[in-house]
Amino acid sequence: MFPDLAVVVYTYDRPDYAERTIRSALANLSYSGVVHVHVADDGSPEVQVERLVAAAAEEAEGRPYGFGEITSTNAARSGYGASYNLATQVAHGRARVFLCLEDDWELRRTLDLDPLVAALGADAGIGCIRLGYVGWTEPLVGRFVHAAGLAFLLLDPESPERHVFAGHPRLETFAFERNVGPWPEGLDAGSTEFAVAGRPTARQGVAWPLDIGLSATPRADLSLFAHIGAVQARADQRPAGNGPEKRLDA
C-alpha cells in the first residue's frame, strides 16, 4: 500500500513556467498511490493560480494513478519561507510523501516513483531523495546504501559542502519535513534556502539515487528535470547588439 503523495509547486508570477512544470510532472509520473497537487503561490494574480489549478485538473484526467485533491495557498508576497510554511500546513493534511518542485523544473521523461517511495519507507535512514544533479563547491561525501532494490549515495551530514539538502527537485517524507521545521520568513529565496540547508536536520538522511539515470552535472542528455527558468534567465541577460552573453552563474 503506497502512501498518498503530493506534488507541491512553489511559484510566483511565472504562470508559463509553472504550467509547464505541473503538466510535465503529471504527464510523466508513474505511481501506484494517490497523487495530490498543491500550488504554493506567493501572491500572483488570482487568475494565474486558477490557470494552474485548471491545468493540473486537465493533465491529471485519465492518468494511470489515482488522483486526489488540487489545493492552493497564497502567501501574499510574504516570501519563499512563508509560502513553504503555508503549503506544508495544507499538504501535510493530505499526504505523507512530497515531490517538491520550484516553478521552473520540467520533468523530461517517465519517473517511476514506486521504488523511490518504497526506499523512503525502508530501514535505510533515507528521508529526502534529491532528483537533480549534484553540485558542490566544497567536498561532498557519502556512502553507498541499498533500499527497495535501488542503490543510493547517502550523503554525509558532516560534509563541508553546505548544500547537502538542495533546491533542486526532491522527494521528501512527512517526518523529514517535520524534523527540518518551519522555514525562516522575511528573507529572499536564496538566503532562505541557504539558512535551511545549514540546519543539521536538513542534512540528515539525504540521498542521491544511482539507478534512475541521473547525472552528477547538468548534462542535457541525462537530466531527469530540465531547469527551464535558468535557460530563459540566461537568454534574458543578453545585452542588445552582438555583445557577449552575461552568465548568471559567472
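In the predicted model, V9 is in contact with T21, I22, H38, V39, A40, L101 and D103, when its neighbours within four places in sequence are left aside. This valine lies in strand 1, and V9 counts as buried because its relative accessible area is 0%, where buried means under 20%. Between V9 and E19, which are 10 residues apart in sequence, the distance from C-alpha to C-alpha is 9.8 Å.

Strand 1 also matters for the description of the nonpolar interior, since it gives the most residues to the largest nonpolar core, namely 6. That core holds 69 residues, and the members that touch the most other members are L5, V7, L111, L116, I126, F152 and L171. For one of these, L116, the partners can be listed in full: with residues up to four places away in sequence not counted, L116 touches L111, I129, L131, L150, F152, L171, P209 and I212.

The strand is followed by a loop, between strand 1 (5-11) and helix 1, and D13 is found in this loop. Most residues other than glycine have a negative phi. The phi of D13, by contrast, is near 55 degrees, a positive value in a residue other than glycine. D13 counts as partly exposed because its relative accessibility is 38%. A second case is A148, whose phi is likewise near 55 degrees and positive, again in a residue other than glycine. The place of A148 is in the loop between strand 9 (142-147) and strand 10 (150-155), and with a relative accessible area of 41% this alanine is partly exposed.

Two packed helices are described by the angle between their axes and the distance between the axes. For helix 1 (residues 15-28) and helix 2 (residues 46-60), the angle is about 20 degrees and the axes are 9 Å apart. Helix 1 is therefore roughly parallel to helix 2, because angles under 35 degrees count as roughly parallel. The crossing of the two helices is right-handed. On the side of helix 1, the residues that take part in the contact are P15, D16, A18, E19, I22, R23, L26 and A27, and these meet Q48, R51, L52, A55, A56, E58, E59 and A60 of helix 2. When the residues of this contact are divided by character, 9 are nonpolar, 1 is polar and 6 are charged. I22, which belongs to the helix 1 side of this contact, is also among the residues in contact with V9.

Further along the chain, N85 is found in helix 3 (residues 80-91). With a relative accessible area of 10%, N85 is buried, since the cut-off for a buried residue is under 20%. Residues up to four places away in sequence not being counted, N85 touches P182, W183 and E185. N85 and L120 are 35 residues apart along the chain, and their C-alpha atoms are separated by 22 Å.

L120 appears again in the surroundings of C128, a residue that lies in strand 8 (residues 128-130). The relative accessible area of C128 is 0%, and C128 is therefore buried. Apart from neighbours within four places in sequence, C128 is in contact with L120, R170, L171, E172, F176, G205, V206 and A207. One of these partners, L171, is listed among the core residues that touch the most other members. E158 is 30 residues from C128 in sequence, and the two C-alpha atoms are 16 Å apart in space.

Finally, L210 is found in the loop between strand 12 (206-209) and strand 13 (225-227). L210 counts as partly exposed because its relative accessibility is 34%, a value that falls between the limits of 20% for buried and 50% for exposed residues. With residues up to four places away in sequence left out, L210 touches F144, A151, F152 and L153. Of these, F152 is also named among the partners of L116. The C-alpha atoms of L210 and D16, which are 194 residues apart along the chain, are separated by 32 Å.

How values were computed. Residues numbered from 1 in each chain as written. Predicted model: local features only at pLDDT ≥ 70, side-chain atom pairs only at ≥ 80, totals over all residues. Heavy atoms only, no water. Axes fitted to C-alpha atoms, helices over the stretch in contact; angles between N-to-C directions. Helix = DSSP H or I, 4+ residues; strand = E, 2+ residues; numbered from the N terminus. Parallel < 35°, antiparallel > 145°, perpendicular 65-115°, else oblique. Left-handed = near helix turned anticlockwise from the far one by under 90°. Contact = heavy atoms within 4.5 Å. Nonpolar A, V, L, I, M, F, W, Y, C, P; charged D, E, K, R; others polar. Buried < 20%, exposed > 50% of the residue type's maximum accessible area, 1.4 Å probe, protein only. Core = buried A, V, L, I, M, F, W, Y, C linked by side-chain atoms within 4.5 Å.
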